[in-house]
Structures are given as C-alpha cells and as structure tokens.
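Me: I would like to learn how to read burial, helix packing and side-chain contacts in a model. Could we go through them one after another?

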Amino acid sequence: MSSSSLLPPAGLDPRPRLLIVGCSTRAAAWSAVRAGFRPVCADQFGDEDLRLVAEVVPDALRDSRGMNGNPRIVAVANMRLTPITPEMWAEASSLNGIQRASAELRLIGPRLGPSASNPKIAIVNFLFHEALREKKLPALATKIQRLSDRVKLEPLLMWSQISRAEQMRARKDVVWIEKAWSSGGGRGVQLRAAGGNRIPFSERTYLQEYKPGQPMSAICIGRKDGVKLLGLTQQLIGDPVASPPWPFGYCGNIAPVSLPDAGRELIVRMAEVLAARFELRGLFGLDFLWDGATPWVCEVNPRYTASCELLELASGRPLLTEHWSCFTADPPPTPPVAPPVGGQPDMVGKLILYARRAATAPDLSRFLSPRSPWTVPFLADVPRVGTPFEPGQPLCTVFATGRTADAVRQKLYRRAARVRQWFGDAEPD
C-alpha cells in the first residue's frame, strides 16, 4: 500500500513552496497547508500522511551527515522556490551548511540573527541561563563536563523497563540532569545523582540543575515590536504508555493549558529577554518545568515546535501566517480552507508511540482518506505497510480531544492500546 498524493501538479499549484527540513516534518507540513503553502519536505521518515500533502525528498536525512552538508539537502535548498518564501529550519545547528548552500534564496526565518552563521554561539543550552540570570530571572544552574569525561557509549535501558520504585528513588536522590550537547527529543538526557553511578556518553555533555515539576512548553512569536505568548502546553515526557527508549524521551503534548497569572507573566518576561538577547524572530518555544510557583526554563527551541499544530487545531489560527508577517510586509498566502466556525475542540493532545519490541507496520490506509487540514486525526505519522521497527523506534502518533487535560490523556492511552495491538506490540498478558 502506498498513499496517493493530494497535491496538484507543481505547475498548476499557485501556492508558494515552503522548504521544511527536519527529522520529522509531518506536523510542520500540515501547518504549512493550513497557512496556504505547498510544503517541500526533507525528513528521515517520509510517512504516508506527509506524502499526502507535501513534496518529499526521499532518504535525505538517512546518512551520518544529517542536514549539514548532505548533498541531497543542498539540492533541495538550491531548488528555485517561489520568491519571498519563508524557510523553516527544524534544527538551529543546521543553518550554517544550508545558508551556504542556498545563498540565492531569501531566508526570512525563523533564525537566530547574526549568530546563526556559527552554530557554536547559537542558543547553546547553557548560554540562555546566563541571559536570564543577568535580568534577575529564575535560572537553572549549569556545569560544563570536561572532555576527559567522554567515554564509550553504553546502551540505555528503556525508561518503561525501570520499576516505578526505582524511578521515584532516582528522582529523590538526583541533583543534576546530564545532557548531551546534541541531544534532541530527550535523547542523551539522564538523571545524575550526587556521587552516584552514571551511564557514560560518547559525546560532550553538560549538567543542568534538577528541578521537580510538571514539564510544560510555551509557544511564542517574536516580532519587531516585542514577543507575544501564543499558548501553553503540557508536555508528555518519559510516559510509560508511550514507552520511549530514553528516560526523558519526548512523547507529545496536550494543549492549550493555563498557568496562574503570575507564572504566565514570568514566562512572557523570560521570552522577551531571550528574544532580545538572541534576536529571535518568528515562532519559537520555551520548554520549562512548573513547580507550582516558578517556571524553570530548561530548553529554548528557536523554531517551529512539535506542539504548534496542537495550538493551531485548538484555536483555528494558522500560525505560519503569523510567522510570515514577522519577516516581510508582503501579504501572506490565502489559507485554502477556513477552520470551522466554533468547531474547535477545548483541548487537543498527541502521544508518540515507541516500539516495545520488534514490530511491523500493518495496513493503515484507512487513515489516509482526504480530510480537511483542520480535522484532528485519529492517527498521524502513518508508516508504509510492512515497515519494520526495532525496539525504541517511533511507530506512529495518536491524537485525541477532550474538555480537560486528564480526559485527553486517558483517551490517548486507550487509543494507544488499540494501535499497539494492530502493530503486534501490545503488553503481554
């Protein structure tokens, strides 16, 4: 089974083409469609529901060079796209190579300003804490690991394989979180107890002060006249139902959620400080831990983030239209389909399912029927039938709606159980 594209021939499609580069570009591609763009995507998976709406560059990210210097990406960047096309880069560190390869294109973000030409001085995760401390704002302590600490990488246990008692004991004893410099989606992140054993990494790491709390994210937009908070989400991190292969694996979000006024105002202030310090423009995200009184920022994502699509579906706002307006006075494309009036759900959530054992993708073609880009899907990131999966690899993503975050979460869990049965990846009896 292979999906048939919903795209008209390129020569007959008046929409401006939007280049999207990332590990997984499905969410951004559907956001692009909602905003009136024709997405051109280079990603690692090329899932079937991405191919429904996007031109896909196959296997562009499957070699070790990734996005920086990959000749397939260079070819994509050199495509003659519609003028005044905003480029969205999924990884800040990839900008250096792609900017050199695509000098003929007008790059209008999101980017980091002058520092973008050097990934080493982009928003390195321990630099933004300094910017917050300078303004007397809450900031986590950080330490740089010595290069001599680098040792051979050993396999991590899946967090779902660690007993609940061991998880709680580890969280009680820990004082640091250790992170690989190039970590993403929770990969290369582990608890670090004072004087305790650690699982060694094969790459340079840094330490970030541990704070207990609810993982959340803020989606903001940086404009010339300041920063606007678009919404808040609850993050699903290391969720045992999702079974990520890392203790802090990213598993999804539920949106929109709220904070007390004081917490919300503090997040806005932090976003303003970071946007000014690092020249952030367009969409960007702040990941933080909410301890009931203070938001502690732990990551800054200077790009479209995975939770943007949830805020779009819940609000009926095409966020890439607002992103466009941050970089040019030219009118944005006209969205092809208006969201249903008054038809938005109270909350939307998604949960990424990771394989617990070796599995094979079943026929999921029933989830590839044409639909409005404003319809919340049951299933997304749909793999091609017969695709093999090893333990720890992402299978697909389930969606759910509800009136409360807890109701959404419970519905996600029920749907996850059904989908795992289809993959032959259900919990043993």
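Reply: Let us begin with burial: a residue is called buried when its relative accessible area is under 20%. This model is predicted, and buried residues make up 54% of the 429 residues in the protein. The protein has ten helices and 18 strands, and it exposes about 18,800 Å², of which carbon and sulfur atoms supply 52%.

Me: What share of the contacts with a separation of 6 or more is made by residues 24 or more positions apart?

Reply: Here one looks at sequence separation, and residues 24 or more positions apart account for 66% of those contacts in the protein.

Me: How is burial read for a whole helix, and which residues of α8 are buried?

Reply: One goes through the helix residue by residue. In α8, the buried residues are C308, E309, L310, L311, E312, L313 and A314; because seven of the eight residues in the helix (residues 308-315) are buried, α8 is largely enclosed by the rest of the structure. After α8 comes G316, whose phi is positive, near 75°.

Me: How do I describe the packing of two helices, and at what angle do α1 and α8 cross?

Reply: One gives the distance between the axes, the angle and the handedness, and then turns to the residues in contact. The axes of α1 (residues 26-34) and α8 come within 9 Å and cross at roughly 35°, and the crossing is left-handed. On the α1 side the contact is made by R26, A27, S31 and R34, and on the α8 side by E309, E312 and L313. Sorted by class, this contact has four charged, two nonpolar and one polar residues.

Me: Which residues make the contact between α5 and α7?

Reply: The geometry again comes before the residues. Helix α5 (residues 127-134) packs against helix α7 (residues 261-278) at an angle of about 115°, with the axes 10 Å apart, and this crossing is right-handed. L127, F128, A131 and L132 of α5 meet M270, V273, L274, R277 and F278 of α7. The residues of this contact divide into eight nonpolar, no polar and one charged.

Me: Turning to single residues, is E322 buried or exposed?

Reply: For a single residue, the relative accessible area is compared with the cut-off for burial. E322 has a relative accessible area of 16%, and because buried means under 20%, E322 is buried. The residue sits in helix α9 (residues 319-325), where its side chain is joined to that of R317 by a polar contact of 2.8 Å. Leaving out residues up to four places away in sequence, E322 touches I221, R223, L230 and R317.

Me: Where is D381 found, and which residue's side chain does it join in a polar contact?

Reply: The procedure carries over to a loop residue. D381 is found in the loop between β16 (379-380) and β17 (388-389), and counts as buried at 11% relative accessibility. Its side chain and that of T397 are joined by a polar contact of 2.6 Å. Apart from neighbours within four places in sequence, D381 is in contact with S24, R26, D47, D49, L395, C396 and T397.

Me: What separates the C-alpha atoms of G46 and C23?

Reply: Here the spacing along the chain is set beside the distance in space. G46 and C23 are 23 residues apart along the chain, and their C-alpha atoms are separated by 9.7 Å. G46 lies in the loop between β2 (38-42) and α2 (48-51), where it counts as buried at 11% relative accessibility. With residues up to four places away in sequence not counted, G46 touches R51 and V56.

Terms used. Residues numbered from 1 in each chain as written. Predicted model: local features only at pLDDT ≥ 70, side-chain atom pairs only at ≥ 80, totals over all residues. Heavy atoms only, no water. Buried < 20%, exposed > 50% of the residue type's maximum accessible area, 1.4 Å probe, protein only. Helix = DSSP H or I, 4+ residues; strand = E, 2+ residues; numbered from the N terminus. Axes fitted to C-alpha atoms, helices over the stretch in contact; angles between N-to-C directions. Left-handed = near helix turned anticlockwise from the far one by under 90°. Contact = heavy atoms within 4.5 Å. Nonpolar A, V, L, I, M, F, W, Y, C, P; charged D, E, K, R; others polar. Polar contact = N/O pair within 3.5 Å; in protein donor to acceptor, adjacent residues only side chain to side chain. Areas by Shrake-Rupley, 256 points an atom, 1.4 Å probe, with all protein chains shown as cover.
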